[in-house]
Amino acid sequence: MSKVAIIGSGFVGRAWAISFARAGHDIALWDADAAAPGTALTYIEGVLPDLQANDLLNGASGKAVRARMRAVDTLEEALNGAAYVQESTPEVVDIKKDMFARLDALAAPDTILASSTSAILPSKFTEELKGRHRCLVVHPINPPYLIPAAEVVPAPWTDQAVVTRAADFLRAAGHAPIVMKQELDGFVMNRMQGALLEEAFRLVADGYASIEDVDIGIREGLALRWSFMGPFETIDLNAPGGVRDYVQRYEQIYIRLQASMQRRADWNGPVLDVIEADRRKLLSEKKLVERQAWRDRRLMALAAHKRRADKDIGK
């Protein structure tokens, strides 16, 4: 297994560390804040027992996975011998530009340089680099040790061989890469999630449904199918003759809806007061952290279930 450098040891970086260490890689964590890697490792030590209990460490013990991770004091030490770099610094273009300039200067010529950015196109911070051909975005759906999908987004100048290597590296680590053919604002996941959130805000803002009813529609409805298949497979299976039959039967419904779905609700307008008030009735602010831990435990249970189900059907 190879060495992976985690650059930025916050919320996203520490999650990547778990994912890549579980896959057997040696992990070096570095952060501009010298205290951050130690804090990340303390957090990781608290998560590993639950992952082991759910058989989500590829048969290894939490202790063995933890032994593959270490904090380092310098960027040079983190990059020395690294085959793959996952950068997770703040979502600021100038910070990304500065960091990638340093990574490009210090990392070995064939090292893949990947950014976790969720909102910045790779062309915005790699254009001026000598090694820009080996730079790209690998954006996780957090936390990546529980959610396997990760977006692989090339800049216009990213070498296709690097895209392939990055995708293969992710697959070998248990991920499901979404390999984009070219960069696009919002990538894939934020654009799809954004479309759903736009409609959710409209339904509440216009008084058609409560926030809980909207959540029920996803939680107890669409998400049950979406937890194991995507929208195209869904419609392919929802008409006797498959996807073409579905389109012929139902496209007119969506054509009719489209005009009313073009207007934005102002997320930060009066509807936000309604949504926040209703959410706080359902969950007090003091219990957010507790509920986040509940969410992660549910994700662990779901990940374990899906893994067992895939083995049962020979996927």
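This is a short tour of one sheet, the helices packed on it, and a helix pair.

A word on the source first. What you see is a predicted model.

Let's start with the sheet. It is open and has 8 strands. Reading across, the order is E3-E2-E1-E4-E5-E6-E7-E8. The pairing is mixed. Which strands sit at the edges? Strand E3, residues 69-71, and strand E8, residues 176-179. Each of these pairs on one side only. From one strand to the next, the twist averages 25°.

Now E1 and E4. Strand E1 covers residues 3-7, and strand E4 covers residues 82-87. They pair in the parallel sense, over 5 bridges. If you want a register marker, take Ile6: it stands opposite Gln86 in E4.

Next, the helices on the sheet. Helix H1 spans residues 11-22. It lies across E1, E2, E3, E4, E6 and E7. Against E1, H1 runs at about 170°. Then there is helix H7, residues 160-172, which also packs on the sheet. Its contacts are E1, E4, E5, E6, E7 and E8. The direction of H7 makes about 155° with that of E8.

On to E7, residues 149-154. How many of its residues are buried? The count is 5 of 6, so call E7 mostly covered. E7 has a partner in E6, residues 135-140. Those two run antiparallel and are joined by 5 bridges. Here Val138 stands opposite Val152 in E7.

E7 also pairs with E8. This time the strands run parallel, with 4 bridges joining them. Glu151 stands opposite Ile178 in E8. How does the chain get from E7 to E8? It goes through H7. That β-α-β crossover is right-handed.

Last stop: the helix pair. Helix H8 runs over residues 189-205, and helix H9 over residues 211-226. Their axes come within 10 Å. They cross at roughly 150°. Angles over 145 degrees count as roughly antiparallel, so H8 is roughly antiparallel to H9. The crossing is right-handed.

Which residues meet there? From H8, we have Leu196, Ala200, Leu203 and Val204. They meet Ile211, Val214, Ile218 and Trp226 in H9.

To recap: an open sheet of 8 strands with mixed pairing, H7 on the way from E7 to E8, and H8 crossing H9 at roughly 150°.

Key: Residues numbered from 1 in each chain as written. Predicted model: local features only at pLDDT ≥ 70, side-chain atom pairs only at ≥ 80, totals over all residues. Heavy atoms only, no water. Pairing = 2+ DSSP bridges. Axes fitted to C-alpha atoms, helices over the stretch in contact; angles between N-to-C directions. Contact = heavy atoms within 4.5 Å. Buried < 20%, exposed > 50% of the residue type's maximum accessible area, 1.4 Å probe, protein only. Right-handed = clockwise from strand over helix to strand, strands pointing away. Parallel < 35°, antiparallel > 145°, perpendicular 65-115°, else oblique. Left-handed = near helix turned anticlockwise from the far one by under 90°.
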